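Student: I should like to go through this structure by asking what justifies each label applied to it.
Tutor: Please proceed; each answer will set a value against its criterion.

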Amino acid sequence: MRNPYPGLVRILDDKNLKFKCEICRLVWRPSFKRSGRLYRGSRMCPNGCTKRALEAKKIEKWIGE
Ligand SMILES: [Zn+2]
């Protein structure tokens, strides 16, 4: 699996799918829908770090333009 958020989330276990937040170090397993697909946002840190970091990046970009 390709890392969806390099630098923010690390894939610890590709087979059993386990993610680690690079910001708060939380390890979590994403939840799957019955169709076998991942829930939207389940690749992001449950504490909200990934989302916050992405939003901060967007703002940085916007300021830089
Ligand atoms: Zn986190």
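**Labels and their grounds**

Tutor: One pair of residues may serve as the opening example: in this predicted model, aspartate 13 stands opposite lysine 18 in strand 2.

Student: What else stands opposite a residue of strand 2?
Tutor: Arginine 10 does, facing lysine 20. On the pairing with strand 3, the bridge partner of phenylalanine 19 is tryptophan 28.

Student: How do you know that strand 1 and strand 2 pair?
Tutor: Pairing requires at least two bridges found by DSSP. Strand 1 and strand 2, the latter covering residues 18-21, are joined over four bridges in the antiparallel sense. The criterion is therefore met.

Student: Why do strand 2 and strand 3 also count as a pair?
Tutor: They have two bridges, again in the antiparallel sense. As at least two are required, strand 2 and strand 3 therefore count as paired.

Student: What makes strand 1 and strand 3 edge strands?
Tutor: The sheet is open, with three strands in the order 1-2-3 and antiparallel pairing. Strand 1 (9-13) and strand 3 (27-28) each pair on one side only, and they are the edge strands.

Student: Which pattern does the protein chain follow along the sequence?
Tutor: The pattern is β-β-β-α, from one helix and three strands.

Student: What is notable about the phi of leucine 17?
Tutor: Leucine 17 has a positive phi of about 50° although it is not a glycine. Most residues other than glycine have a negative phi. Leucine 17 is in the turn of the hairpin formed by strand 1 and strand 2, which has four residues between the strands.

Student: Why is leucine 17 called partly exposed?
Tutor: A residue is buried at 20 or more other C-beta atoms within 10 Å and exposed at 12 or fewer. Leucine 17 has 17 such neighbours, so it falls in between and is partly exposed.

Student: Is arginine 25 buried or exposed, and what makes it so?
Tutor: Arginine 25 has 10 other C-beta atoms within 10 Å, so it is exposed under the limit of 12 or fewer. Arginine 25 lies in the loop between strand 2 and strand 3. In that hairpin, which has five residues between the strands, arginine 25 takes a positive phi near 70°.

Student: Why is proline 4 called partly exposed?
Tutor: Proline 4 has 13 other C-beta atoms within 10 Å; exposure requires 12 or fewer and burial 20 or more, so proline 4 is partly exposed. Proline 4 belongs to the segment before strand 1.

Student: Which residues does proline 4 touch, leaving aside those up to four places away in sequence?
Tutor: They are Val9 and Arg43. Proline 4 and methionine 44 are 40 residues apart in sequence, and their C-alpha atoms are 8.8 Å apart.

Student: How do you know that glycine 48 is partly exposed?
Tutor: Its count is 13 other C-beta atoms within 10 Å, which lies between the two limits, so glycine 48 is partly exposed. Glycine 48 is in the loop between strand 3 and helix 1 (49-64). The C-alpha atoms of glycine 48 and tyrosine 5 are separated by 13 Å, with their positions 43 residues apart along the chain.

Student: What makes the side chains of strand 2 alternate?
Tutor: Phe19 and Cys21 point to one face and are buried, whereas Lys18 and Lys20 point to the other and are not. In a regular strand the side chains alternate between the two faces of the sheet.

Student: Which residues form the largest nonpolar core, and why is that set called a core?
Tutor: The six residues are Leu8, Val9, Phe19, Cys21, Met44 and Cys45. The label applies because a nonpolar core consists of buried residues of listed types joined through C-beta atoms within 7 Å. Cysteine 21, a member of this core, touches residues including Val9 and Cys45.

Student: How much of the protein chain is buried?
Tutor: Buried residues make up 11% of its 65 residues.

Notes
Residues are numbered from 1 along each chain as its sequence is written. This is a predicted model: local features need pLDDT of at least 70, side-chain atom pairs count only at pLDDT 80 or more; totals for chains, interfaces and linings use all residues. Two residues are in contact if their C-beta atoms, placed from the backbone, lie within 7 Å.
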